[in-house]
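Work through the exercises below with the sequence and the 3D structure at hand. Each task is followed by a solution in steps.

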Amino acid sequence: REIASVWESWMAAADRPSIDGLNTFIITAAVKAGNAKVAFSGLGADEIFGGYGSFFRVRRLAPLVRLAAVAPRSLRMAAIRMLLPLCPPRYRHRIETLAQASGGAVDLAIQLRRIMGADALAGLGVLVNDVRVGADVLPVELHEFLDDVGDDAFRAVSHVETYVYMANTLLRDADVNSMAHAIELRVPFVGKKILEEAGRTPGRLHLDDGRTGKAILRQAAGGVLAPEVLNRQKTGFTLPIGEWMQGELRDQCEAAIDAIADLPFLNGHRARREWDTFVVARGQTSWTKPLLLVALGSYVDQCQRTFIDSAGAMKMRPRNTRPFQSIAKPEQPA
């Protein structure tokens, strides 16, 4: 019943478009309602100690993709296009993307994290070559840092998750969404000593038996936590965002898609088609791609309402008008 007003407040709290942080926004609102001023977050534990399924997927997929990469790209893509109709719609883009990967652990980790490939971006009118980044939309300098991990699949995924997604999205969004409620969010797992120690540890020790995530954390807490807590399965915290977008939030999402129809760098007709495909699919496709467009549209609409008064005069300049910024090279753990 409350998600429509919460959604609008969440979008308004951001000073750049993002699809992450709604859970933090909701939880810190509840923390504030409980009269607390500081909260601790487990942010960083999954990225540094191997709590995501991607740590295991990359380890299993890398040898297979490297073997497939021996075949010419045209042959691989022809075979994939024949097989794609047999796959569930929500996985087709991911399978097609992996078929083009080199099989390197870093490359696979990046591809598994991406929401849109270069072809999808080009279809929307965003040409990668125009923004001076690599084909995977990452700065070349960042690749120089990531390539230092060698063949260690665990470290490859950890570095991509930590220094690409967490550093540039999760940490920033967690701060923005918690400070929207005046809550100081502390992230002890991202402390310098923990980062350095975890970075020195070989991936084989992090993965332990190859099936259990965050093995080192479980071992360290073995004498402190009860077994039922220590050994429980990872549950995560997943909100029904896709269902809301097609239900309670449908009108707001439609308005956001309309707001990007005339952007000079975006194909508005293609954006509308992406949204319509999501609506028709009814849960058969991922909500993350349409949410990218909704977040952008909400941000554009917010800027228009902020910058232009009722007479159409400019009231203030945007804080940042560049759609893309370079990412500084992260400091490598000792």
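The exercises go from the whole chain to single residues, and the model they use is a predicted one.

**Exercise 1. The chain as a whole**

Task: State how many helices and strands the protein has, and what share of its residues is buried.

Solution.
- Step 1. Count the secondary structure elements: there are 18 helices and 2 strands.
- Step 2. Take the residues with under 20% relative accessible area as buried. They make up 40% of the 334 residues.
- Step 3. Turn to the surface. The accessible surface comes to about 19200 Å², and carbon and sulfur atoms hold 55% of that area.
- Step 4. Look at the contacts with a separation of 6 or more. Of these, 69% are made by residues 24 or more positions apart.

**Exercise 2. Helix α7 and its link to α10**

Task: Decide whether helix α7 is mostly covered or mostly open, then find which residue pairs with Arg113 in a salt bridge.

Solution.
- Step 1. Helix α7 spans residues 105-113, and 7 of its 9 residues are buried, so by the cut-off of under 20% the helix is mostly covered.
- Step 2. List the buried ones: Ala105, Val106, Leu108, Ala109, Ile110, Gln111 and Leu112.
- Step 3. Arg113, also in helix α7, is partly exposed at a relative accessible area of 30%.
- Step 4. The side chain of Arg113 meets that of Glu161 in a salt bridge, with 2.8 Å from N to O. Glu161 belongs to helix α10 (residues 153-179), so the pair ties together parts that are 48 residues apart in sequence.
- Step 5. Compare the cover on the two partners: Glu161 counts as buried at 5% relative accessibility, whereas Arg113 is partly exposed.

**Exercise 3. Lys214, a residue with two features**

Task: Find the salt-bridge partner of Lys214 and say what is unusual about the phi of Lys214.

Solution.
- Step 1. Place the residue: Lys214 is in the loop between α12 and α13.
- Step 2. Its side chain forms a salt bridge with that of Asp46, at 3.1 Å from N to O. Asp46 lies in helix α3 (residues 45-49), so the bridge ties together parts that are 168 residues apart in sequence.
- Step 3. Check the accessibility. Lys214 is partly exposed, with a relative accessible area of 22%, while Asp46 counts as buried at 13%.
- Step 4. Check the backbone. Most residues other than glycine have a negative phi. Lys214 is not a glycine, yet its phi is positive, about 55°.
- Step 5. Asn35 is another non-glycine residue with a positive phi, about 70°. Asn35 sits in the loop between α2 (22-33) and β1 (38-40), and is exposed with a relative accessible area of 67%.

**Exercise 4. A pair inside one helix, and a network**

Task: Say where Arg200 and Glu197 lie and how many residues apart they are, then name the residues joined into one network by shared salt bridges.

Solution.
- Step 1. Both Arg200 and Glu197 are in helix α11 (residues 192-200), 3 residues apart, which is about one turn of the helix.
- Step 2. Recall the geometry: an α-helix has 3.6 residues a turn, so residues three or four places apart point the same way.
- Step 3. The two side chains meet in a salt bridge of 2.8 Å, N to O. Arg200 is partly exposed at 46%, and Glu197 is partly exposed at 46%.
- Step 4. For the network, follow the salt bridges that share partners: they join Arg250, Glu254, Asp258, Arg272 and Asp276.
- Step 5. The structure holds 13 salt bridges.

**Exercise 5. A nonpolar patch and a buried glutamate**

Task: Name the residues of the nonpolar surface patch, and decide whether Glu274 is buried or exposed.

Solution.
- Step 1. The patch consists of Met82, Leu83 and Leu86, which together have about 390 Å² of accessible area.
- Step 2. Leu83 lies in helix α5 (residues 73-83) and counts as partly exposed at 47% relative accessibility.
- Step 3. Glu274 is in helix α17 (residues 268-281). Its relative accessible area is 18%, under the 20% cut-off, so Glu274 is buried.
- Step 4. With neighbours within four places in sequence left aside, Glu274 is in contact with Leu124, Lys289 and Leu293.

Terms used
Residues are numbered from 1 along each chain as its sequence is written. This is a predicted model: local features need pLDDT of at least 70, side-chain atom pairs count only at pLDDT 80 or more; totals for chains, interfaces and linings use all residues. Side-chain values use heavy atoms; hydrogens and water are left out. Buried means under 20% relative accessible area, exposed over 50%, partly exposed in between (1.4 Å probe, protein chains only). Helices (H or I, at least four residues) and strands (E, at least two) are DSSP runs, numbered from the N terminus. A salt bridge is a side-chain nitrogen of Lys or Arg within 4 Å of a carboxyl oxygen of Asp or Glu. Patches are made of residues with over 30% relative accessible area and no salt bridge: like charges are joined within 9 Å, nonpolar side chains (Val, Leu, Ile, Met, Phe, Trp, Tyr) within 5 Å. Accessible areas come from the Shrake-Rupley method with a 1.4 Å probe; for residues, only the protein chains shown count as cover. Contact means heavy atoms within 4.5 Å.
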